[in-house]
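Please find below some notes on the model, set out as numbered points. They begin with one side chain and its strand, and then turn to the chain as a whole.

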Amino acid sequence: YSCLLFTLPEFDTLSSELLKSFKTSGAVAFSSPRLVKRIIKNIDFSHASRIIELGPGNGRITDDLLHLMRKDATLFAFEVNKSFCDDLEKLNDPRLKVFNESAAHIREFVGSDNHEGITYIVSSIPFGILPESECDKIMQSIHDISDEKTTFIQYSYSLIQYRRYKKYFPHLKVQFELINIPPAFVFVGRQ
């Protein structure tokens with residue numbers, strides 16, 4: 001038996017980890033291949049020198065990012081769940097830097113990183129279930145490391161946070177992916 005791209009024992013393990021970490025993941029299922037494709041189609045990998053992934057979970061999106069990234073690009077992954085960080089480390093790619101840290105601290109790890117080219121920030125942070133003060137800290141940190149060459153990509157299961165994203169990234173468009181559990185919105189913003 002299989003469920004989505006996992007065997008039954010793998011699915012049980014992943015599902016139980018999601019349920020244990022619902023307060024920080026906000027997810028009831030992992031991202032569908034269609035949602036991953038919709039997210040990554042917003043990235044110009046030929047010019048992406050730095051990708052920052054916030055809340056990568058078990059690495060479903062991370063793995064695709066690594067396959068499409070340039071050899072000289074860097075992927076910074078910030079994940080608060082230690083089990084998921086361990087899974088990410090197993091990807092064993094020197095371009096991947098995994099931090100068991102909140103996205104509120106990204107400035108400390110990538111803010112002073114001199115980079116040429118374009119930065120993409122891919123986020124699955126569940127802003128709708130986090131305390132307001134934490135949401136503000138995270139969005140301010142994202143904004144602080146962003147410039148005119150940064151693209152912010154956030155997926156969410158509702159439009160409730162639209163104003164929050166628009167405040168920091170005024171050039172914001174919304175895409176919709178029906179083939180996901182639950183269906184998801186993808187916000188793509190620039191300053």
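1. Phe-176 lies in strand β8, and the model in which it is placed is a predicted one. Is this side chain buried, exposed or partly exposed? Because its relative accessibility is 39%, and the partly exposed class covers values between the 20% limit for buried and the 50% limit for exposed, Phe-176 counts as partly exposed.

2. Together with Leu-178 and Ile-179, Phe-176 forms a nonpolar patch on the surface, and the accessible area of these three residues together is about 290 Å².

3. Which strand is joined to β8, and in what direction does the pair run? Strand β8, spanning residues 171-177, is joined by 7 bridges to strand β9, spanning residues 184-190, and the two run antiparallel. One of the pairings involves Val-174, whose bridge partner in β9 is Phe-187. The connection from β8 to β9 is a hairpin of 6 residues.

4. As a general point for reading such strands, side chains in a regular strand alternate between the two faces of the sheet.

5. For the protein as a whole, the predicted model contains 8 helices and 9 strands, and 50% of its 191 residues count as buried. The accessible surface comes to about 9800 Å², with 55% of that area belonging to carbon and sulfur atoms.

6. On the contact pattern, if one takes the contacts between residues at least 6 apart in sequence, 66% of them join residues that are at least 24 apart.

Definitions and conventions:
Residues numbered from 1 in each chain as written. Predicted model: local features only at pLDDT ≥ 70, side-chain atom pairs only at ≥ 80, totals over all residues. Heavy atoms only, no water. Pairing = 2+ DSSP bridges. Helix = DSSP H or I, 4+ residues; strand = E, 2+ residues; numbered from the N terminus. Buried < 20%, exposed > 50% of the residue type's maximum accessible area, 1.4 Å probe, protein only. Contact = heavy atoms within 4.5 Å. Areas by Shrake-Rupley, 256 points an atom, 1.4 Å probe, with all protein chains shown as cover. Patch = residues over 30% accessible without salt bridge, like charges linked within 9 Å, V, L, I, M, F, W, Y side chains within 5 Å. Salt bridge = Lys/Arg side-chain N within 4 Å of Asp/Glu carboxyl O.
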